[in-house]
Amino acid sequence: VATTTATPGGVSANPLRKGLAVDRIADPCNVVFFGATGDLMKRMLMPAMWNLRLEDILPANYGIVGFSRADDDDDKFRDQMKKAVDEFSRTGPAKDPLWSDFTKHLSYVSGTFDDTNCFHKLRERLEKNDEELGTGGNRLFYLSTPPSVFAQIVDQLDAAGLGPRDNAKGWTRIIIEKPFGTDLDSARALQAEVSKVFDEKLIYRIDHYLGKEPVQDIMALRFANIIFEPIWNRRYVDSVQITAAETVGVELRGGYYDNAGALRDMIQNHVMNLLALVAMEPPVASDADSIRDEKFKVLRAVRPIDRLRVTLDTARGQYDAGSIAGKPVPGYREEPDVRPDSNTETYAAVKLWIDNWRWADVPFYLRTGKRLAHKNSEIAIRFRSLPHRLFGDYGDNFDNNVLVMKIQPEEGISLRFNAKVPGPKMHIRSVSMDFNYGTGFGVVSAPAYERLIGDAMRGDATLFTRWDAVETAWQIVMPVLDRWLNTVDESFPNYSAGSQGPPSADRMIAMDDREWRKI
Amino acid sequence: MSLESSTVSTSLEAIRAELSGTKLSTSTLNFVVWIDDPARRDWIVERTGMLSEKHPSFTLILDNSGSCAGAATVTTSPRDPNSTITVDSERVEIDVCGKDTATLVGYVTGLTKTNVPTVLWWSGINENSRETFYAMLPLITTLLVDSSGGTRDDTGLRMLAAFHAEHPEVALRDLAWMRLRPWQDMIANFFDDPNLLGELFSIRALQIASGSDSEALYLGGWLASRLGWTATAQDTFTDRAGKTITFEHKRVGDIRRVLSVCLDSETSWYHGEVTEDDDAVVRVWVEGEHAREPQLFPLQAIDNASLLERAVLEPGTDELFETALRSAATLLG
């Protein structure tokens, strides 16, 4: 299997590039979007490509090809994409003359995923682009389709001579949207299919959470500062809470979500990636594999959840009707395309242990849920209590120190510590020191998809998930998934929309004499 | 978010007393601004304000333009104890007309925060400010200038090149250079194709049209430093093979703006030109043996506040810039 990652010579050989931001410019290439008329394409992917153009991150020679079942042509596709960019781009509506120039690089192939002829048509289009747009034989395929057709598309690419082994001119890479499988077996089956055609170095499993600036800053906080790493261990850390709370319900994804649930939709990928970043050992270098090696190692150290402890160490919930920001919202079972007797969890909480020297006996509490009180994603490191309370006689409320990495909607870092209240007596009160990205750097973070697509075009896989980590994450959640799939939770629905989550989650953490941070 | 401003006397004690009443603030840098050009005062103050609104910085404006009224204005975050704003900027603007150098240095040492970088934006044009400028140098981390800020000719660049030759240890930033980044990207883009690399070494002429000289000289200096050209006259380079490259600069259009660049190789002409319809878009094309259809590129026009931001956020020396400056200096003779 070919593992070409860059055009020989290329941008890096150009002496005028020295000192300029070489990493901003990708090799000439075609980017092919499967599922090109879908919602993700309109809301995220095409606006991302347009903004990559505006930011001058796309190379001069590029092609963007949409592939979908819809019986459209180039012009209709361009019109649709213009509407999408106008509506969803962070930079506002697209303007001429730049948009007209951009559309020269846009084309569309109509076809079904089971028709090899359509993939031959796609190949012809790419070869034409190589000739007319100078895209140099480099190809990036983006699977923005239902997971059920991932393997089929990969097979068809191979059959049509579009796989890496048939591309002697340049590189061929593939981006695969989550979820990668629906359980461990299906993930392994999908991996077996994809790896027949694509070497692991050419597969970019996208988790858009990893493209968020604050997520990348976790590593900067840990490994670009001397003060945190010495206390980042079992000696000083009491516990870690990772929260990914949403106020939205399932929106128009009821059909998908009712077969997925919070554990598969969030914990197995997004939240597990956050766990890996916050708990991993310092990588030996900043390259993709050094970082991904450490992420894999820490996931491998997660203690398997004993099937007999699933009910003790996890909690599940499903939202009932309630109100969000004062507006009434329906219960999960009343949502479109959701079964009226659904047993699918919209809330999941899991307690994990990491069996290594750094984290032995430190519990990691993971939770995610829909229709909770606030949108809030964060990682909170709670430090141990003081060994001796020098100022305890006054009955002051001492809080443990807490370091919070805020991911969304706020982006920043907060440190809670104790300070003396001004006055003659030694009263102590907890105060918070906040750093906010918006005011700290005064720049707006680019959406995650822009960062990630740009990285894939440049061949930087650092922010993409490697197969060993995906497989291990599935291994971690499988005992919980099996249990939840095979037992009906009679308490469902068990939390109101707009609340903090189900009481069972509070009971779970209360058994350890701890409590959840307020969402 | 509303800020609070108060006017006090220009004594260091009075300013410090006013600042001491503010809430705890977090500073990422000290930003010291020197103004002695009345014509540009408001423009500079406005840009400085934009930067300090975005960053939790301490800004000290030393206004020697003679246009304010013998007082100091101290601007801080709200002092309401119930305010939830915990991080904000502080700004002190002092009329320094008639103050001696020791007093000016005293403002900088007495008011700026320790343990954070200090950036000096020097917009001075007055020869009498020279002593102050040199007195400030030991106090700063980075010096920021704009060599085409107020002049179309090469005066600013000449002074900067002379200063850099004298003080290579000072970390320098020039807004005129920083504005050129999109043009550099575009020129580099012509030769990203490995098959065209040879073209770079057969360039025989360089033509630049810009509203002020700094931009053209910087682009010429940058190309020369990257490709091993040596300036043999104000309008001529020779390459490593001893062949001549002519350099033509037309001063045309708005100050601080590049209008077009053309590189002539032995086989082709590489053009980039601001479009007539939209001055934020550049049309790029190639004629001759390596002809390429016209393409449009966004110019990524960067506003001055953002340029300032980049200048203060990028730490250390900028080797690419300093090499280009030295090379541009050889063109100046």
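The legends below describe close-up views of a predicted model.

**View 1. The largest nonpolar core and A:Phe34.** The largest nonpolar core contains 149 residues. Within this core, A:Phe34 and A:Leu122 have the most contacts. Helix α10 of chain A (residues 262-279) supplies the largest share of the core, 12 residues. In general, nonpolar side chains in soluble globular proteins tend to be buried together. Leaving aside neighbours within four places in sequence, A:Phe34 is in contact with A:Leu122 itself. The partners of A:Phe34 also include A:Phe67, A:Phe113, A:Phe119 and A:Phe141, as well as A:Tyr142, A:Ile153 and A:Leu157.

**View 2. A second core.** This core is separate from the one in View 1 and has 97 residues. Among them are B:Leu144, B:Leu206, B:Tyr218 and B:Leu299.

**View 3. An open sheet in chain B.** The sheet has 8 strands with mixed pairing, in the order β10-β11-β12-β9-β13-β14-β15-β16. Strands β10 (230-233) and β16 (292-298) of chain B are the edge strands, and each pairs on one side only. On average, neighbouring strands of the sheet are turned by 20° against each other, direction ignored.

**View 4. Strands β11 and β12 of chain B, with helix α9.** Strand β11 (residues 236-238) and strand β12 (residues 244-251) of chain B pair in the antiparallel sense over 3 bridges. In this pair of strands, B:Thr238 stands opposite B:Thr244 in β12(B). Helix α9 of chain B (residues 213-227) packs on the sheet. The strands of chain B that helix α9 touches are β9 (203-210), β11, β12 and β13 (258-265). The direction of helix α9 makes about 155° with that of β9(B).

**View 5. B:Glu322, a buried charged residue without a salt bridge.** B:Glu322 lies in helix α11 of chain B, which covers residues 319-332. The nearest side chain of opposite charge belongs to B:Arg326 and is 4.3 Å away. A salt bridge has to be within 4 Å, so B:Arg326 does not form one with B:Glu322. Leaving aside neighbours within four places in sequence, B:Glu322 is in contact with B:His164, B:Val170, B:Leu172 and B:Thr317.

**View 6. A:Asn400 in a loop of chain A.** The loop that holds A:Asn400 runs between β14 (376-383) and β15 (402-408) of chain A. A:Asn400 has a relative accessible area of 14%, which is under 20%, so this residue counts as buried. Not counting residues up to four places away in sequence, A:Asn400 touches A:Arg382, A:Phe383, A:Arg384 and A:Ser385. A:Asn418 is 18 residues apart from A:Asn400 along the chain, and their C-alpha atoms are separated by 8.3 Å.

How values were computed. Residues numbered from 1 in each chain as written. Chains lettered and ligands numbered in written order. Predicted model: local features only at pLDDT ≥ 70, side-chain atom pairs only at ≥ 80, totals over all residues. Heavy atoms only, no water. Helix = DSSP H or I, 4+ residues; strand = E, 2+ residues; numbered from the N terminus. Buried < 20%, exposed > 50% of the residue type's maximum accessible area, 1.4 Å probe, protein only. Lys, Arg positive; Asp, Glu negative; His and termini not counted. Contact = heavy atoms within 4.5 Å. Core = buried A, V, L, I, M, F, W, Y, C linked by side-chain atoms within 4.5 Å. Pairing = 2+ DSSP bridges. Axes fitted to C-alpha atoms, helices over the stretch in contact; angles between N-to-C directions.
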